[in-house]
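This briefing reviews a protein together with its bound ligand, working from the ligand site outwards to individual elements and backbone features. Please keep the sequence and the structure in view while reading.

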Amino acid sequence: MADRPLGFFEGTEMPTAGWWEALWPDPAGVLASVGLKPGMDVIDLCSGDGWFTLQIAKIARHVAAIDIDASLLEVARHRLAEGGATNCAFVAGDAYELARLWLYHVDLVFLANAFHGVPDRPRLARSVAQVLKPSGRFAIVNWYPRPREETTVLGEPRGPRTDLRLSPEQTIEAVEAGGLTLKEIVDLPPYHYGAVFERT
Ligand SMILES: C[S@@+](CC[C@H](N)C(=O)[O-])C[C@H]1O[C@@H](n2cnc3c(N)ncnc32)[C@H](O)[C@@H]1O
């Protein structure tokens, strides 16, 4: 396995190309389900290769893509340039350091497919709370805690190890311990849910 940057969250490697697009054919629909609205300022935290970032850029006023892996940010940068997006910033760094990486308050922090690997989840929630506007939201997209062999895409088991997966209740407990308040849980078939929190 290639070396991972220091601080890399466990089980959050960007998937090999092909099946991610099959699993997420409608990223804009996912984003609408967790509350993305036109005119918002957004952070796509742990943004990977920008599959969701591009759709955020098409709707939001501005999006900051933040990831610890600078090479993935380059892939995202190309994806957004090809998509004609000009309202995006790209920042390399550790999600725990969010408030130092992005100095502006935002309406929404979107975090997909990474929360399961965060060692200190209340700490991450506190970091997110620091960059949210009053009533700003933190939307987490997680795999349901189903056995990995059941979550097949293109004929193969996919996603993080079974033991890393979090229930909605575990996610709520961790994020509320970091000072944010649950607004809603939404189902994101076939294998995910969204947990949306608010800075109150
Ligand atoms: C499974 S990928 C998901 C990418 C994107 N959110 C998506 O759903 O398409 C998880 C991402 O988290 C990033 N990551 C892992 N540890 C991180 C950390 N400590 N801070 C910021 N990003 C991190 C990885 O580099 C990877 O791009």
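Twenty residues surround the ligand, and Trp-20, Cys-46, Asp-67, Ala-95 and Ala-112 come nearest to the ligand. The model is a predicted one. The ligand occupies the largest pocket. The points below begin with that site and then turn to helix 3, helix 7, strand 9 and the backbone.

**Ligand site**

- The shell around the ligand comprises ten nonpolar, six polar and four charged residues.
- A polar backbone atom of Phe-9 lies 2.9 Å from a nitrogen atom of the ligand.
- Ala-95 also has a polar backbone atom 2.9 Å from a nitrogen atom of the ligand.
- For Ala-112, too, a polar backbone atom is found 2.9 Å from a ligand nitrogen atom.
- The ligand on its own would expose 600 Å², of which the protein buries 99%.
- Ala-95 and Ala-112 therefore appear twice in this account: each is among the residues that come nearest to the ligand, and each has a polar backbone atom 2.9 Å from a nitrogen atom of the ligand.

**Helix 3**

- Helix 3 spans residues 51-59, and seven of its nine residues are buried, so this helix is largely enclosed by the rest of the structure.
- The buried residues are Trp-51, Phe-52, Thr-53, Leu-54, Gln-55, Ile-56 and Ala-57.
- Ile-56, which belongs to helix 3, has a relative accessibility of 0% and counts as buried.
- The C-alpha atoms of Ile-56 and Asn-87 are 9.9 Å apart in space, while the two residues are 31 positions apart in sequence.

**Helix 7**

- Thr-171 is part of helix 7, which covers residues 168-177.
- With a relative accessible area of 0%, Thr-171 is buried; the cut-off for that class is under 20%.
- Thr-171 and His-116 are separated by 55 residues in sequence, and their C-alpha atoms are 8.7 Å apart.

**Strand 9**

- His-192 lies in strand 9, which runs over residues 192-198.
- The relative accessible area of His-192 is 1%, and the residue is buried.
- Which side chain does the side chain of His-192 contact through a polar contact? The partner is the side chain of Trp-143, at 3.4 Å.
- Gly-194 is also located in strand 9, and with 0% relative accessibility it counts as buried.
- Gly-194 is 161 residues from Ser-33 in sequence, yet the C-alpha to C-alpha distance between them is 8.1 Å.
- Val-196 is a further residue of strand 9; Val-196 counts as buried at 0% relative accessibility.
- Val-196 and Gly-35 lie 161 residues apart in sequence and 8.1 Å apart in space, C-alpha to C-alpha.

**Backbone features**

- The peptide bond from Pro-189 to Pro-190 is cis, and its omega is near 5°.
- Pro-190 is placed in the loop between strand 8 (181-188) and strand 9.
- Ser-135 has a positive phi of about 70°, although Ser-135 is not a glycine.
- Ser-135 is located in strand 5, which covers residues 132-143.
- Is Ser-135 buried, partly exposed or exposed? Its relative accessibility is 47%, and it counts as partly exposed, because that class lies between the cut-offs of 20% and 50%.
- Leu-154 likewise shows a positive phi, of about 50°, without being a glycine.
- Leu-154 sits in the loop between strand 6 (152-153) and strand 7 (156-157).
- The relative accessible area of Leu-154 is 60%, and Leu-154 is therefore exposed, the cut-off being over 50%.

Definitions and conventions
Residues are numbered from 1 along each chain as its sequence is written. This is a predicted model: local features need pLDDT of at least 70, side-chain atom pairs count only at pLDDT 80 or more; totals for chains, interfaces and linings use all residues. Side-chain values use heavy atoms; hydrogens and water are left out. A residue is near a molecule or strand if one of its heavy atoms lies within 4 Å of it. A polar contact is a pair of N or O atoms within 3.5 Å; within protein, one must be able to donate a hydrogen and the other to accept it, and residues adjacent in sequence count only if both atoms are side-chain atoms. Accessible areas come from the Shrake-Rupley method with a 1.4 Å probe; for residues, only the protein chains shown count as cover. On a 1 Å grid over the protein atoms alone, a cavity is a set of points where a 1.4 Å probe fits but cannot get out, and a pocket is an open set with protein on both sides within 12 Å along at least five of seven lines; lining residues have an atom within 4 Å of a point. A molecule sits in a cavity or pocket if more than half of its atoms lie within 2 Å of its grid points. Ala, Val, Leu, Ile, Met, Phe, Trp, Tyr, Cys and Pro count as nonpolar, Asp, Glu, Lys and Arg as charged, and the others, Gly among them, as polar. Buried means under 20% relative accessible area, exposed over 50%, partly exposed in between (1.4 Å probe, protein chains only). Helices (H or I, at least four residues) and strands (E, at least two) are DSSP runs, numbered from the N terminus.
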